[in-house]
4 protein chains.
Amino acid sequence: MAKSKFEYVRNFEEDDCCLPNCYIIIRIDGKNFHRFSDEHAFQKPNDERALMLMNAAACTVIKDFKPEILMGYGQSDEYSFVFKKSTSIYKRRKFKLLTNVLSLFSSAYVFHWKSHFPHTKMKYPPSFDGRVVLYPSLENLRDYMSWRQADCHINNLYNTVFWALVLKGGLVPREAQERLRGTVSSDKHEILFSEFAINYNNEPELFRKGSVIYPQCSGGSESWNLKVFGQAALFVIS
Amino acid sequence: MAKSKFEYVRNFEEDDCCLPNCYIIIRIDGKNFHRFSDEHAFQKPNDERALMLMNAAACTVIKDFKPEILMGYGQSDEYSFVFKKSTSIYKRRKFKLLTNVLSLFSSAYVFHWKSHFPHTKMKYPPSFDGRVVLYPSLENLRDYMSWRQADCHINNLYNTVFWALVLKGGLVPREAQERLRGTVSSDKHEILFSEFAINYNNEPELFRKGSVIYPQCSGGSESWNLKVFGQAALFVIS
Amino acid sequence: MAKSKFEYVRNFEEDDCCLPNCYIIIRIDGKNFHRFSDEHAFQKPNDERALMLMNAAACTVIKDFKPEILMGYGQSDEYSFVFKKSTSIYKRRKFKLLTNVLSLFSSAYVFHWKSHFPHTKMKYPPSFDGRVVLYPSLENLRDYMSWRQADCHINNLYNTVFWALVLKGGLVPREAQERLRGTVSSDKHEILFSEFAINYNNEPELFRKGSVIYPQCSGGSESWNLKVFGQAALFVIS
Amino acid sequence: MAKSKFEYVRNFEEDDCCLPNCYIIIRIDGKNFHRFSDEHAFQKPNDERALMLMNAAACTVIKDFKPEILMGYGQSDEYSFVFKKSTSIYKRRKFKLLTNVLSLFSSAYVFHWKSHFPHTKMKYPPSFDGRVVLYPSLENLRDYMSWRQADCHINNLYNTVFWALVLKGGLVPREAQERLRGTVSSDKHEILFSEFAINYNNEPELFRKGSVIYPQCSGGSESWNLKVFGQAALFVIS
């Protein structure tokens, strides 16, 4: 029968398993979201609707993979999902895990669009890339989260000043860029405060720190928490 | 500065490149589409709208990756994309390639839904898994395509008889299954012909053979061809 | 110049790095040592000279890779080497690590042969295969060692009874095999004790438990310890 | 029983298979052979005994893996072995293949030492590293061989002039290095010819082109050919 003759081509497939006893992180990043946010007129420097849409897509993923996912952390157009060290889902096959999470996130993003952007028609389907990273220890995992949160902080501080200079200060983008070249963190705080009366520390935590989602059961019904990510948050991971 | 302290966690990432001088195939499969097609009342044994939606999502991918993709082949809830042997897109990084194709396909599927199912609300976002396979020779590639097409043929013949027995013959699914146990290809043709006056070879090629998409330029404007897949089709690949 | 034209072939090479923050174990196994030990008339069930030759080859490896190797454990024709979690030798490149350890072990085995078998000419060069395994936690590492030691124990107990039955009891190998079929550990102890007056627990630890080697400095000069492996031994690993 | 409790640690092992339908090349390189050749007083710029010892070790490997190995190519302290595209030895497991070839080569090198250096005691065991590379097409394979042969040519031409300047011209190594800085191929030929009356093209092919070994059967008995590698040689590979 015809099938058997060709089926040898399956042998060209490979399947790597994730090393046991490691946390498995899947991180998703928007592809070319600079353009996507421009085309859909996202607010600058942060569009709360867009961040909450990322959170909604992440919740779809976390619910679907419950109870294997310990937490999700999102900022800007990226999201990280942390699977239990002991998870045996898909036999820990790297490609299975990555592609199922990524695909569901992508389709959920489009699916939930209308709830978050009721007055904006999506012009074209966005896409994300993804990767799998393994961390053997809780310390490594916390450093990973700290790294992403530091990234959030640095970018958000820059963007907050940049867009203040442009939108309120009347500079063109190139001028704002010039103005910020070489400034350190305290310079940026100072510009915000003295020129725009903005105390950066009073900006919403959602913007400054990103979002964290834990799957939790409370009482009889199941509820999903969306919390701002603080230094202490990771301690709840067992 | 804080970033440098944590950034070591990047070293846990790996990135495999695809062996040069091999065709790169990315195959996408619907996850749990049995349920998805039931919930959205897909017609049995084939729903032309659903197949054309798969084709639309595939076209979005092929346009986006033009001219690196040689062709796409789809059947049922799966799609295969063939990248040129010589492609250097994303430096041939396996995860980058796979995740970008898969994510775009997934979001395009949801994005194009309304055009193909104008009267059916999507109940939940679907997902797909994906894999990368390398083939060193054109012969291997053709055998791969033949394998997928044989799969299409076998499943579609079975489903055509099965649903004829159920929808027209009045059997319940279990009875239809029983009836078909142990039958070979010619038996199934015979049942279709003698009991339901269906000549299987007259069924639409879209159902029997699947869809193939080539990126092509004709004249000044660009047109996209959707063709039924025939034995000779692969010869046009250079 | 000619070189540049062909050098693209380097791009077909891959190099995987070992995940950081994991113990790296390299295990070496004799290939077809049943034949090798027969051809060179190794004593049964254990040949102390052969075991000490394995230890000598292992010492050559450990000295060469000092201080990156924490310990070595050997039994029968296999040896395991444990590299520090934090080692950055060869940038943790898997193939570099594996092949350098394996090659040195193999050539050292032949090099030291004459010191351990002064009256036996080596008939042909032996070979070993090797593998790399990563363990994220000390608990995993200890379980690995326990697994190999349990393997040593089980095989050695079996071989000790088997060869007592053959060499002292006058059975042919097939009869000895039959006699042992289905026996458990306590049966084997009993056979040894009642029929051959051998208390298995008094057999040399080298045979029953294998060899462990730690690199150590004591006083001004460097000394190399060869110890029998006990349950507590692993605790010294920091 | 104790074994089962610990055996889970096996799941940390991985095994990559080589992509089917590709040539598998295993290349072995001497580690720190500069020192090894100094300590054992190898002749400069080439020591025929050392090259023939490499060939002897390679023959041991090729005989052992016959008929899976198509050819071997050696130059200086490196050797490449080409396995058939269709080989299924060790199920094409990368680590198995690599480690068995490498280990046998290493122990054979020490084993055959005395036949090639009857008057030189080996001072310490040498080691080699190894790698696996896959090539999908015959063209890639030939380019690989051309690349290695070009490497042989370039290094040997340089070394021939360098050691002529030192051994016959009375320069110290640093002076010879200076003299050669910036010279191209024709300059080096000219120095050899005008100052030392050496026509480089008359140097032994073994030095200029390296060694190639094909496994061959001729007549009833099996003979092993050692040939100098020429441009046409690769055509005999089917």
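**Cysteines**

I started by searching the whole structure for disulfides and got 0 over all chains. Worth jotting down here: this is a predicted model.

I wanted to know why Cys17(A) has no partner, so I looked up its closest cysteine sulfur. That sulfur sits in Cys18(A), 7.4 Å away, which is too far for a bond. The cut-off I went by is 2.5 Å between the two sulfur atoms. I then checked Cys17(A) for exposure, and at 48% relative accessibility it counts as partly exposed.

Next I tried chain C. For Cys17(C), the closest cysteine sulfur belongs to Cys18(C), and the 7.4 Å gap rules out a bond because it is too far. Cys17(C) comes out at 47% relative accessibility, so I put it down as partly exposed.

**Symmetry, chains C and D**

How does chain D lie on chain C? I superposed them and got an RMSD of 0.0 Å, with a turn of 180 degrees and a shift of 0.0 Å along the axis. I noted this as a two-fold axis, since that is the relation such an axis gives. Within chain D, I found that Ser107(D) has the C-alpha nearest the axis, 2.2 Å from it.

I also compared the interface residues: 100% of those in chain D are interface residues in chain C too, so the copies meet through the same surface.

**Symmetry, chains A and B**

I repeated the superposition for chain B on chain A. It took a turn of 180 degrees with a shift of 0.0 Å along the axis, and the RMSD was 0.0 Å. Which residue of chain B comes closest to the rotation axis? I found Ser107(B), with its C-alpha at 2.2 Å. Here, too, I checked the contact surface: 100% of the interface residues of chain B are also interface residues in chain A, which means the copies meet through the same surface.

**Interface of chains D and C**

I went back to this pair for the contact itself. Chain D puts in 53 residues and chain C puts in 53 residues. I logged a buried area of about 4,600 Å², with 62% of it from carbon and sulfur atoms.

For charges, I found 4 salt bridges across this interface. One of them joins the side chains of Lys96(C) and Asp129(D), at 2.4 Å from N to O. I also counted 12 residue pairs in polar contact between chain D and chain C.

Last, I asked which elements of chain D give two or more residues to the side touching chain C. They are helices H1 (2-6), H3 (48-65), H4 (94-116) and H5 (138-168), plus strand S4 (128-135). H4(D) has the largest share of that side, with 14 residues.

Technical notes
Residues numbered from 1 in each chain as written. Chains lettered and ligands numbered in written order. Predicted model: local features only at pLDDT ≥ 70, side-chain atom pairs only at ≥ 80, totals over all residues. Heavy atoms only, no water. Buried < 20%, exposed > 50% of the residue type's maximum accessible area, 1.4 Å probe, protein only. Least-squares fit on C-alpha atoms with pLDDT ≥ 70 in both. Contact = heavy atoms within 4.5 Å. Buried area = accessible area lost by both parts, 1.4 Å probe. Polar contact = N/O pair within 3.5 Å; in protein donor to acceptor, adjacent residues only side chain to side chain. Helix = DSSP H or I, 4+ residues; strand = E, 2+ residues; numbered from the N terminus.
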